[in-house]
Amino acid sequence: ARPEASSQGTLYLNDPLDGVYGSFGIGLEQKIGEGTFTFNYVPALDDSGTTDAGGGDGTAGNAAYEATYNGTFEGVGIKLGYKKVEKDANNSVVANKDGKAYQYGLGYSFGPLKVGIQINDVSPGTTTSSDYDTTEVGAAYAINDNLSISVSHATTDKDGTTADEDINEVSIGYNLGAVAIVLQYAEIDNIGGSNAANKDGEKVALRLSTAF
């Protein structure tokens, strides 16, 4: 279970420095033990293969790569991830250092109950005050083959902000065979790391997925 309540203005990102996987480049996937190691490299970030981002333009085109391992060891799920976005040498304002992100995650199942924790340690590469870290914890319980419930909490601490951003979420999922329904409710405190009076919020989402 993980928070899905990120929205405009929130610090929380489950996939920090996003964009490496979706850009045009090369990738490697290799089975290692009870897990999978993946590596992706893109010579120009935000290059989709049909639209050339252009290297060294001051806003995009810088190279990036990511390496991730997802697997299990003695029944414990493990995630290790690293991303790096190289700074743009032609831009001394937007990117004055390389962007880096580290991910560490552990998960375990107790029959119908699953619990997990993930930590993101991120330096976006803009300014020192933009560095942040997020700690996520979650639990999911399968009531029966069709009905499940999950709860999660994410705290994001960003340098230079006045308060930690907190997201608390509960989800209920029901499987109707070819159709699955998920109802989510979240409370977000201190959106964007601000403890101002208007920086709390709520979010309700209903998702449908089909498999024919």
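Buried means under 20% relative accessible area, exposed over 50%, and partly exposed in between. The exercises below use these classes on a predicted model.

**Exercise 1. Classify Tyr108 and Phe110 by accessibility, and describe how their rings pair.**

Solution.
- Step 1. Tyr108 has a relative accessible area of 34%, so Tyr108 is partly exposed.
- Step 2. Phe110 has 48% relative accessibility, so Phe110 also counts as partly exposed.
- Step 3. A pair of aromatic rings is described by the distance of the centres and the angle of the planes.
- Step 4. The structure holds 4 aromatic pairs. One of them joins Tyr108 and Phe110, with 4.7 Å centre to centre and 70° between the planes.
- Step 5. Planes over 60 degrees apart count as edge-to-face. The pair of Tyr108 and Phe110 is edge-to-face.
- Step 6. Elsewhere, Phe39, Tyr65, Tyr82 and Tyr102 form one aromatic cluster.

**Exercise 2. Work out the fold: which elements are present, and in what order do the strands form the sheet?**

Solution.
- Step 1. Count the elements. The protein has 0 helices and 11 strands.
- Step 2. Place the strands. The 11 strands form an open sheet in the order E1-E2-E3-E4-E5-E6-E7-E8-E9-E10-E11. The pairing is antiparallel.
- Step 3. Find the edges. Strand E1 (26-32) and strand E11 (201-210) each have a single partner strand, so one side of each is left without a neighbour in the sheet.
- Step 4. Add the angle. On average, neighbouring strands of this sheet are turned by 10° against each other, direction ignored.
- Step 5. Check the range of the contacts. Among contacts with a separation of 6 or more, 45% are between residues 24 or more positions apart.

**Exercise 3. Trace the pairing from E5 to E8, and name a bridge partner at each step.**

Solution.
- Step 1. Start at strand E5 (residues 99-110). E5 is joined to E6 by 11 bridges and runs antiparallel to it. Tyr108 stands opposite Val115 in E6.
- Step 2. Move to strand E6 (residues 113-123). E6 pairs with strand E7 (residues 132-142) over 10 bridges, in the antiparallel sense. Asn120 has Thr134 in E7 as its bridge partner.
- Step 3. Go on to strand E8 (residues 147-158). E7 and E8 run antiparallel and share 11 bridges. Ala139 has Val151 in E8 as its bridge partner.
- Step 4. Close the trace with the connection. A hairpin of 4 residues joins E7 to E8.

**Exercise 4. How is edge strand E11 held, and does it lie buried or in the open?**

Solution.
- Step 1. Strand E10 (residues 179-189) pairs with E11 over 10 bridges, in the antiparallel sense.
- Step 2. One of these bridges sets Tyr185 opposite its partner Val204 in E11.
- Step 3. Of the 10 residues of E11, the number buried is 1, so E11 lies largely in the open.

**Exercise 5. Which residues make up the largest nonpolar core, and what does Ala64 touch?**

Solution.
- Step 1. Begin with the total. Of the 212 residues of the protein, 33% count as buried.
- Step 2. The largest nonpolar core has 9 residues: Leu17, Val20, Val42, Leu45, Ala64, Val85, Ala101, Val122 and Tyr132.
- Step 3. Leaving out residues up to four places away in sequence, Ala64 touches Val20, Asn40, Tyr41, Val42, Leu45, Lys84 and Val85.
- Step 4. Another core, of 5 residues, lies apart from the largest one; Tyr12, Ala154, Ile167 and Ile188 are among its members.

**Exercise 6. Compare the loop residues Glu74 and Asn190: what is the phi of each, and is each buried or exposed?**

Solution.
- Step 1. Most residues other than glycine have a negative phi.
- Step 2. Glu74 is found in the loop between strand E3 (64-73) and strand E4 (76-85). Its phi is near 55°, a positive value. At 68% relative accessibility, Glu74 counts as exposed.
- Step 3. Asn190 is found in the loop between E10 and E11. Its phi is near 60°, also positive. At 16% relative accessibility, Asn190 counts as buried.
- Step 4. Follow Asn190 to a contact. Ala163 touches Asn190, Gly193 and Asn195, not counting residues up to four places away in sequence.
- Step 5. Ala163 lies in the loop between E8 and strand E9 (165-175). At 15% relative accessibility, Ala163 counts as buried.
- Step 6. Ala163 and Gly193 are 30 residues apart in sequence, but 5.0 Å apart in space, C-alpha to C-alpha.

**Exercise 7. Where is the pLDDT below 50?**

Solution.
- Step 1. The mean pLDDT of the protein is 83, and 82% of its residues reach 70 or more.
- Step 2. The pLDDT is below 50 over residues 55-59. Beyond near neighbours in sequence, this stretch has 10 contacts in the model.
- Step 3. Where pLDDT is low, the predicted coordinates should not be read in detail.

Technical notes: Residues numbered from 1 in each chain as written. Predicted model: local features only at pLDDT ≥ 70, side-chain atom pairs only at ≥ 80, totals over all residues. Heavy atoms only, no water. Pairing = 2+ DSSP bridges. Helix = DSSP H or I, 4+ residues; strand = E, 2+ residues; numbered from the N terminus. Core = buried A, V, L, I, M, F, W, Y, C linked by side-chain atoms within 4.5 Å. Buried < 20%, exposed > 50% of the residue type's maximum accessible area, 1.4 Å probe, protein only. Contact = heavy atoms within 4.5 Å. pLDDT = per-residue confidence, 0-100. Axes fitted to C-alpha atoms, helices over the stretch in contact; angles between N-to-C directions. Phe/Tyr/Trp six-rings, centres within 6.5 Å; stacked < 30°, edge-to-face > 60°.
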